[in-house]
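User: Could you take a close look at the salt bridges in this structure for me? I would like to know which side chains pair up and how exposed they are.

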Amino acid sequence: MPKQSSLFSDDNYADFLNGLKSRIRTAQVKAALAVNQELIHLYWQIGNEILTRQQDQGWGGKVIERLAKDLKREFPDISGFSQTNLKYMRAFAEAYSEEEIGQRSVGQLPWRHNIALITKIKEQQARLWYAHKAVENGWSRDILVMQIESDLFARLGGAVTNFERVLPAPQSDLAQQLVKDPYNFDFLTLAEEAQERDLERGLVDHIRDFLLELGMGFSFLGSQYPLVVSGKEYRLDILFYHVKLHCYVVVDLKMREFEPQHSGQMSFYVAAVDNLMRNELDAPTIGIILCRSKDKTIVEYALQGTQQPIGVSTFQTQGELPPDIQSSLPTVEQFELELNIAIEEIEDEEKQSPED
């Protein structure tokens with residue numbers, strides 16, 4: 001038997017195999033994206049054809065019912081041609097131009113994501129923003145819907161901060177978009193007389209939900225994080241590191257209204273982390289004060305006197321949605337459409353599944 005070449009070792013083969021695996025997975029993702037984009041474009045074209053004939057040739061709503069039956073008869077093994085889905089296609093074509101489908105993130109999202117966008121959001125700018133974020137962050141449809149219903153578009157970047165004054169661009173812009181107002185802590189159940197430690201324990205116990213609400217990039221370092229300054233120990237409510245901004249983020253929790261002294265305490269915490277933990281590769285530490293309520297003018301005055309980057313936001317723990325969020329929720333008709341397509345998908349799956 002010929003002697004195996006010394007160049008062919010387990011390590012060399014492992015590297016070779018891992019390289020091939022990576023290429024195959026990349027190709028699979030590209031192929032799946034290409035197929036999805038073709039499907040999304042097809043659905044837009046079908047919807048546009050229906051829309052054009054109804055508008056220009058006076059075809060009524062009966063055409064969708066007839067079309068659904070004919071397409072199902074012609075393509076019995078393909079789901080997606082129900083009356084409800086055809087109505088979604090028409091709404092999809094009405095919502096976007098063909099150019100937007102080809103160049104925007106909506107063309108990269110699965111169909112069910114796009115249904116959520118067109119049924120739950122009325123404003124085009126917000127639709128496109130959520131589509132971009134869903135692609136950027138890899139949101140599932142459930143996460144996308146949760147972000148829509150919590151009104152993330154309006155909340156992001158809404159906190160009162162001094163970032164623009166004390167941080168260099170573009171870090172100030174990135175940091176501003178990091179902080180929401182209000183934060184949605186509906187996953188918590190807190191008594192009316194709850195204290196800061198109760199809020200902290202609740203957030204730590206639900207750290208996955210907390211991180212999801214904070215957004216992409218936060219890495220949890222600990223709660224009641226100890227810092228020793230001049231021999232005296234201080235404890236930070238919660239400490240994070242943000243991997244995109246490359247900085248520490250100190251979170252201070254207040255179960256009451258914001259008071260000016262809160263910014264002084266946070267300035268001390270931020271300075272301590274900068275001096276004791278930050279290295280030359282880290283950007284300046286950011287402080288976020290989370291409180292039950294705040295007066296914008298008081299916050300602005302309190303932050304004028306500090307050179308430490310600090311933001312002040314509120315949080316909500318109630319399940320009741322404010323009126324501005326309720327107005328963005330789907331109408332009864334839109335809800336019925338989504339319910340119908342879910343039922344039809346279940347029925348299609350049952351038909352296609354093998355009998356016991």
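Analyst: Happy to help; here is a walk through the charged pairs, with one polar neighbourhood at the end. This is a predicted model, in which local features need pLDDT of at least 70 and side-chain atom pairs count only at pLDDT 80 or more, while totals for chains, interfaces and linings use all residues. Residues are numbered from 1 along each chain as its sequence is written, and side-chain values use heavy atoms, with hydrogens and water left out.

Let's start with the overall count. Searching the whole structure turns up 14 salt bridges (a salt bridge being a side-chain nitrogen of Lys or Arg within 4 Å of a carboxyl oxygen of Asp or Glu). Side chains of opposite charge can pair when their charged atoms come close.

One of these bridges links Lys133 to Glu136, with 3.2 Å between the closest N and O atoms. Both residues sit in helix α6 (residues 124-137), and because they are 3 residues apart there, about one helical turn separates them. Helices here are DSSP runs of H or I with at least four residues, and strands are runs of E with at least two, numbered from the N terminus. Glu136 is partly exposed at 43% relative accessibility; buried means under 20% relative accessible area, exposed over 50%, and partly exposed in between (1.4 Å probe, protein chains only).

Helix α11 (residues 196-205) holds Asp198 and Arg201, again 3 residues apart, or about one turn of the helix. Their side chains form a salt bridge at 3.5 Å, N to O. Asp198 is partly exposed at 32% relative accessibility, and Arg201 is partly exposed at 43%.

Arg235 and Glu233 make another salt bridge, at 3.2 Å from N to O. Arg235 has a relative accessible area of 38%, so it counts as partly exposed, and Glu233 is partly exposed at 45%. Elsewhere, Arg155, Lys180 and Glu213 are joined into one network by salt bridges that share partners.

Finally, the polar neighbourhood. Thr306 lies in the loop between α14 (296-304) and β7 (310-316). With 9% relative accessibility, Thr306 counts as buried. Its side chain makes a polar contact with the side chain of Ser267 at 2.9 Å (a polar contact is a pair of N or O atoms within 3.5 Å; within protein, one must be able to donate a hydrogen and the other to accept it, and residues adjacent in sequence count only if both atoms are side-chain atoms). Leaving aside residues up to four places away in sequence, Thr306 touches Asn162, Arg165, Val166 and Ser267, where contact means heavy atoms within 4.5 Å.
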